[in-house]
Amino acid sequence: MVKSLATVCVTACFLLSLNACTQDKDANTTLAADITEPAQILRIAAAANLSDVLPHIIDSYQTDNSSPAQNISEIEVTYASSGKLYAQIKAGAPYDIFLSANQDFPAKLADENSAGATSEERKLTKPFTYTRGQLALYSVTKPLNNFTPTSLGDVFTSADFTQDSKVAIANPDLAPYGASAKAYLQSQNIYDKLNAQKVLIQSENIGQAFQYAHTGSVDYGFVAQSQLVAIKAKPEQFITLLPESYPAILQDGIIIHNTDQAADFTDYLRSKAGQQHFLQAGYLAVQ
């Protein structure tokens with residue numbers, strides 16, 4: 001009887017000890033979960049022409065980095081003209097990455113920051129080229145199948161082009177696609193004439209220029225080739241300009257807040273996987 005009682009006591013003590021260890025282990029696990037850093041928000045300021053391709057790149061990036069061991073950021077994107085985004089960043093907007101539609105704005109940010117930074121830690125990383133855009137002329141009201149890239153200038157002297165015709169162009173001072181469209185028209189010696197006749201309708205960015213043309217609010221619009229790929233535009237609705245007929249639209253980005261997540265995402269943009277998305281979306285290859 002005494003022996004049995006002793007055995008019961010030992011067994012009870014063992015179970016209590018085991019339970020305590022289990023509770024300690026659970027407590028440690030809970031504590032570890034509590035101190036795991038939550039996913040951060042990665043904020044991207046992106047040129048308007050990226051609104052069709054960037055969501056696909058983000059989806060692929062998050063899928064490729066979806067293992068439980070990786071703490072993937074929630075990604076928020078603001079689309080606007082490059083000039084407007086540049087002004088927002090200068091005013092202190094909390095973006096982590098700036099993806100411009102040209103090279104000028106990221107370079108200006110880097111130069112201005114380098115001159116004003118008080119320490120190495122506050123200096124921005126160097127700008128990087130992530131894609132090259134293509135320019136196209138688009139119309140849903142006037143067929144363009146009788147013209148070619150080399151005869152594109154004839155559109156503006158054809159019978160379909162009247163004194164009431166309107167052409168949408170992104171603001172050349174804010175939007176690189178607008179600047180390239182202006183340069184093309186100048187190379188054809190027709191920009192000043194169209195401007196004087198009030199034929200040109202300036203939009204804030206390339207997204208708005210596309211909407212004007214796509215809804216038929218204007219007869220023609222200089223738009224991004226990627227926008228036409230996204231909507232599967234009919235061949236007679238557009239002409240892709242020859243790349244050599246306007247200044248190359250090299251699109252640069254820059255990291256504003258140099259975090260691991262920002263560096264990882266921009267690396268993905270320039271990776272083979274990221275570049276494949278750009279090629280499929282109507283951009284040109286980046287060397």
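Which residues does Phe222 touch, not counting residues up to four places away in sequence? I put this to the model, which is a predicted one, and noted that Phe222 touches Leu135, Ala136, Leu137, Phe156, Val167, Ala168, Ala181, Tyr184, Leu185, Ile206, Ala209 and Leu241.

**Cores.** I then looked up the largest nonpolar core, which has 65 residues, and found Phe222 listed among those with the most contacts inside it, together with Leu50, Leu54, Leu99, Phe156, Leu185 and Phe265. Two of these names, Phe156 and Leu185, I had already written down as residues that Phe222 touches. I also recorded a second, separate core of 14 residues, which includes Tyr95, Leu109, Leu124 and Ile256.

**The chain as a whole.** I counted ten helices and ten strands in the protein chain, and of its 287 residues I have 42% down as buried. For contacts with a separation of 6 or more, I noted that 78% are accounted for by residues 24 or more positions apart. The accessible surface of the chain comes to about 15400 Å², and 53% of that surface belongs to carbon and sulfur atoms.

**Tyr220.** I went next to strand β8, residues 220-224, in which Tyr220 lies. Is Tyr220 buried or exposed? I entered Tyr220 as buried, because its relative accessibility is 1% and the cut-off for buried is under 20%. Leaving out residues up to four places away in sequence, I listed its contacts as Leu137, Tyr138, Ser139, Lys142, Leu144, Val155, Asp160, Phe161, Lys166, Val167, Ala168 and Ala213. For one of these, Phe161, I also looked up the C-alpha separation from Tyr220, which is 9.7 Å for a pair 59 residues apart along the chain.

**The loop between α8 and β9.** I looked up two residues here, Lys232 and Ala233, whose loop runs between α8 (225-231) and β9 (238-240). Lys232 has a positive phi of about 55° although it is not a glycine, and I set beside this the general remark that most residues other than glycine have a negative phi. At 71% relative accessibility I entered Lys232 as exposed, whereas Ala233 went down as buried, with a relative accessible area of 13%. Leaving aside neighbours within four places in sequence, I found Ala233 in contact with Tyr138, Leu228 and Phe238. The C-alpha atoms of Ala233 and His214, which are 19 residues apart along the chain, are separated by 9.8 Å.

**Asn189.** Where does Asn189 lie? I placed Asn189 in the loop between α5 (176-187) and α6 (191-196). Its phi is near 60°, which I marked as a positive value in a residue other than glycine. I entered Asn189 as exposed, because its relative accessibility is 70% and exposed means over 50%.

**Asn113.** I looked up Asn113 in helix α4, residues 104-116, and entered Asn113 as buried, with a relative accessible area of 19%. I noted that this value falls under the 20% cut-off, so the label of buried applies to Asn113. The C-alpha atoms of Asn113 and Leu124 are separated by 6.7 Å, with the two positions eleven residues apart in the sense of being that far apart along the chain. Leu124 was already in my notes as one of the residues in the second core.

**Cavity.** How many cavities of 30 Å³ or more does the structure hold? I recorded one, and for the largest cavity I have a volume of about 50 Å³. I listed its lining as Ala47, Ala48, Asn49, Ala80, Ser81, Ser82, Ala101, Ala175, Pro176, Tyr177, Asn205 and Ile206. By class, I entered eight nonpolar, four polar and no charged residues for this lining. I closed the entry by marking that Ile206, listed in the lining, is also among the residues that Phe222 touches.

Methods. Residues numbered from 1 in each chain as written. Predicted model: local features only at pLDDT ≥ 70, side-chain atom pairs only at ≥ 80, totals over all residues. Heavy atoms only, no water. 1 Å grid on protein atoms, 1.4 Å probe; cavity = no way out; pocket = protein on both sides within 12 Å on 5 of 7 lines; lining within 4 Å. Points joined across faces, edges and corners; volume = space filled by probe spheres on them. Nonpolar A, V, L, I, M, F, W, Y, C, P; charged D, E, K, R; others polar. Helix = DSSP H or I, 4+ residues; strand = E, 2+ residues; numbered from the N terminus. Buried < 20%, exposed > 50% of the residue type's maximum accessible area, 1.4 Å probe, protein only. Contact = heavy atoms within 4.5 Å. Areas by Shrake-Rupley, 256 points an atom, 1.4 Å probe, with all protein chains shown as cover. Core = buried A, V, L, I, M, F, W, Y, C linked by side-chain atoms within 4.5 Å.
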